[in-house]
Amino acid sequence: MSGLRPRALAWQTVWPALAGAAQAASIAWPGSGQAIGWLQVLSLTLLAAGLARLAHSSFTRGREAHPLKRAAWFGGVFATAWLAGSFWWLYVSMHQVGGLPAPLAVLAVLALAAALALYYAAASAVWVGLARGLVAERPGWASALFAAVWTLAELMRGRWLTGFPWGAGGYAHVDGILVAFAPWAGVYGMGAVAAWLAMRLALAGWRFKALKPLIGVGLAAWALQAFGPVFTTSAGQGQVQLLQANISQTDKFQAASGVRDALQWYDAQLRASQQPLVVAPETAIPLLPRHLPEGYWSGLQAHFAQPGRPVALVGLPLGSLEQGYSNSVVALGPQGAAPYRYDKSHLVPFGEFMPPGFAWFIRMMNIPLGDFKSGGWDQASLAWQGQRLAPNVCYEDLFGEELALRFKDPATAPTALVNVSNIAWFGDTLAVDQHLNISRLRAIELGRPMLRATNTGATAIIDHTGRVTDQLPRFTRGSLTGTFDGRHGLTPFARWASAWGLAPLWALCCAVVAWAFWQRQRP
């Protein structure tokens, strides 16, 4: 890119940045929070068109100087704008909550986005390098190759270095036609279909034949929805009460305000509940049991141990300095019931554990309880009224392949998922809408209802089709009472992801890239 004139360089930075920003907006549109699938495909089509031009002109006329570098630049700028636009609210947690100076917080968000964008920069360069002879002669295969390298970039971002898959392109389609692919291939499979479609449209240009891939994908999605088998059956209905205290993160760990408020409000709500199941969100009780006022925790345990009381799922930290701390969910129930505890398995780097060499970064922010230990991947579900409830804590429902591990044995698979979250770290931002859409897609992938109890929102009941059946207003204090329909049976995604994780997608994408490489080596 160094050989470009300043005006050309500026333009070749602006257009992929604008396309990337559109991709970010497609995940949850500002104001409405709605996912916009067509905008995601359109934004990726703009990038694909730029890459296709590089591949075609460098192959036919040799006019493009350093096409691979330029491709990496386009893909990197696009992804940096997309990712920074998707999780810009990390600034709120670092600056407004954590006290990190504003310039450093901005720099940290941009640095994270740029680092993750390297996967997509590499994918763009690989595609241009391998697709030069395919774009004109075999556009279908060129599109398949783009879907493969783009999906590999998504998989790398979602799995490597603990993974940070927030804002994956597939989430933009939770309300679109591509959602039909979710119970079969999951969010990454949906993203692969969108990437294939984007490149097919880019290679077709503004011509009539551009309708062919659109019609093809539309018919496939319609067939999956209309003629696909019914994967799950009802496990019976349950009644639940979900609590939302709406305590700001700046007050949450302040003893004279947030802590006292939380202890008083949750104690009153839990004791007053008349529903068979009541759920309090992540760290609803913000102190270790031994640090609570005398008799507080034992009083709650004694209350729920009485005959006829409901079962309560309560989020709180557990552990000790010697044993390590965990971000946990505990069940309080009738006397004689087996004790139940779930420890969060997939921890958030910098928020819940310190990556090696970054202790200095954590010390610059005022974040309590910043070093938890991880729970196991094979933790059992909670048996309740013929249902099996599987808790997950906040960020964990980004990882559908990890939730799928609980579905290895259909006889013990969860009938409902319970997400407890505290997204107050990010204020009144799009993070709330984005996380709701993520939970909705998990429900569709796994064919299970999702019960969401959050500190500030979105507290909601989601059915197994991803539809929000009940929801509390965000940033208000209250409780949500409703019913949910637990489900038996496994979706295709739950079956293969529980057995092999994401390995089939990795293998398929790598096979396509290997085929393209082999084609390039042929005389």
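# Notebook: loops, helices and hollows

**Entry 1: Thr162.** I started with Thr162, which sits in the loop between helix H6 (139-159) and helix H7 (182-204). A reminder to myself before going on: this is a predicted model. I checked the backbone of Thr162 and found a positive phi of about 75°, although the residue is not a glycine. That caught my eye, since most residues other than glycine have a negative phi. Is Thr162 buried, exposed or partly exposed? Its relative accessibility is 34%, so I noted Thr162 as partly exposed, the class between under 20% for buried and over 50% for exposed.

**Entry 2: His346, a partner of Thr162.** Next I looked up which side chain reaches the backbone oxygen of Thr162, and found that of His346, at 2.7 Å. His346 belongs to another loop, the one between strand S5 (340-343) and helix H12 (359-363). I wrote down a relative accessibility of 6% for His346, so this residue counts as buried. The His346 side chain also has a polar contact with the side chain of Glu402, at 2.9 Å.

**Entry 3: the largest cavity.** Glu402 led me straight to a hollow, because I met its name again among the residues lining the largest cavity. How many cavities of 30 Å³ or more does the structure hold? I counted four in my notes, and the largest has a volume of about 70 Å³. Its lining is made up of Tyr342, Ser345, Gly376, Trp377, Gln379, Glu396, Phe399, Glu402, Leu403 and Arg406. Sorted by class, I have four nonpolar, three polar and three charged residues around this cavity.

**Entry 4: Lys373.** I then turned to Lys373, which is in the loop between H12 and strand S6 (382-384). Lys373 has a relative accessible area of 37%, so I put it down as partly exposed. I also looked up a distance here: the C-alpha atoms of Lys373 and Leu347 are 8.0 Å apart, with their positions 26 residues apart along the chain.

**Entry 5: two more backbone oddities.** Which other threonine did I note for its phi? It was Thr283, with a positive phi of about 45° although it is not a glycine. Thr283 is in the loop between strand S2 (277-279) and helix H11 (296-305). Thr283 has a relative accessibility of 8%, so it is buried.

The other oddity is a peptide bond. Gly457 and Ala458 are joined in cis, with omega at about 0°. I noted it because most peptide bonds are trans. Ala458 is found in the loop between strand S9 (450-454) and strand S10 (460-462).

**Entry 6: helix H8.** H8 runs over residues 211-227, 17 residues in total. I looked up its span from first C-alpha to last and got 23 Å, close to the 24 Å expected at 1.5 Å a residue. Pro213, Val217 and Ala221 are buried in H8. They cover an arc of only 65° around the axis, so they are on the same side of H8. The spacing makes sense to me, as an α-helix has 3.6 residues a turn, so residues three or four places apart point the same way. What does the face turned away from the buried side of H8 carry? There I listed the exposed residues Lys212, Ile215, Leu219, Trp222 and Phe227.

**Entry 7: the second largest pocket.** H8 came up again when I looked at this pocket, since H2 (37-60), H7 and H8 are the elements that each give two or more residues to its lining. The pocket holds about 550 Å³ of space. Its lining has 21 residues, and Val41, Leu42, Thr45, Leu201 and Leu214 lie nearest the centre. Which element gives the largest share of the lining? I found H2, with seven residues. By class, the lining divides into 16 nonpolar, five polar and no charged residues.

**Entry 8: helix H16.** H16 covers residues 503-521, which is 19 residues, and reaches 27 Å from first C-alpha to last, close to the 27 Å expected. Its buried residues are Leu505, Cys509, Val512, Val513, Ala516 and Gln519. Seen down the axis of H16, these fall within an arc of 115°, so they line one face of the helix.

**Entry 9: Ala123.** My last look-up was Ala123, in helix H5 (residues 102-131). With a relative accessible area of 5%, Ala123 is buried. Its C-alpha is 8.9 Å from that of Ala71, a residue 52 places away along the chain.

How values were computed:
Residues are numbered from 1 along each chain as its sequence is written. This is a predicted model: local features need pLDDT of at least 70, side-chain atom pairs count only at pLDDT 80 or more; totals for chains, interfaces and linings use all residues. Side-chain values use heavy atoms; hydrogens and water are left out. On a 1 Å grid over the protein atoms alone, a cavity is a set of points where a 1.4 Å probe fits but cannot get out, and a pocket is an open set with protein on both sides within 12 Å along at least five of seven lines; lining residues have an atom within 4 Å of a point. Grid points are joined across faces, edges and corners, and a volume is the space filled by probe spheres set on the points. Ala, Val, Leu, Ile, Met, Phe, Trp, Tyr, Cys and Pro count as nonpolar, Asp, Glu, Lys and Arg as charged, and the others, Gly among them, as polar. Helices (H or I, at least four residues) and strands (E, at least two) are DSSP runs, numbered from the N terminus. Buried means under 20% relative accessible area, exposed over 50%, partly exposed in between (1.4 Å probe, protein chains only). A polar contact is a pair of N or O atoms within 3.5 Å; within protein, one must be able to donate a hydrogen and the other to accept it, and residues adjacent in sequence count only if both atoms are side-chain atoms. The expected span of a helix is 1.5 Å times one less than its number of residues. The arc is that of the directions from the helix axis to the C-beta atoms.
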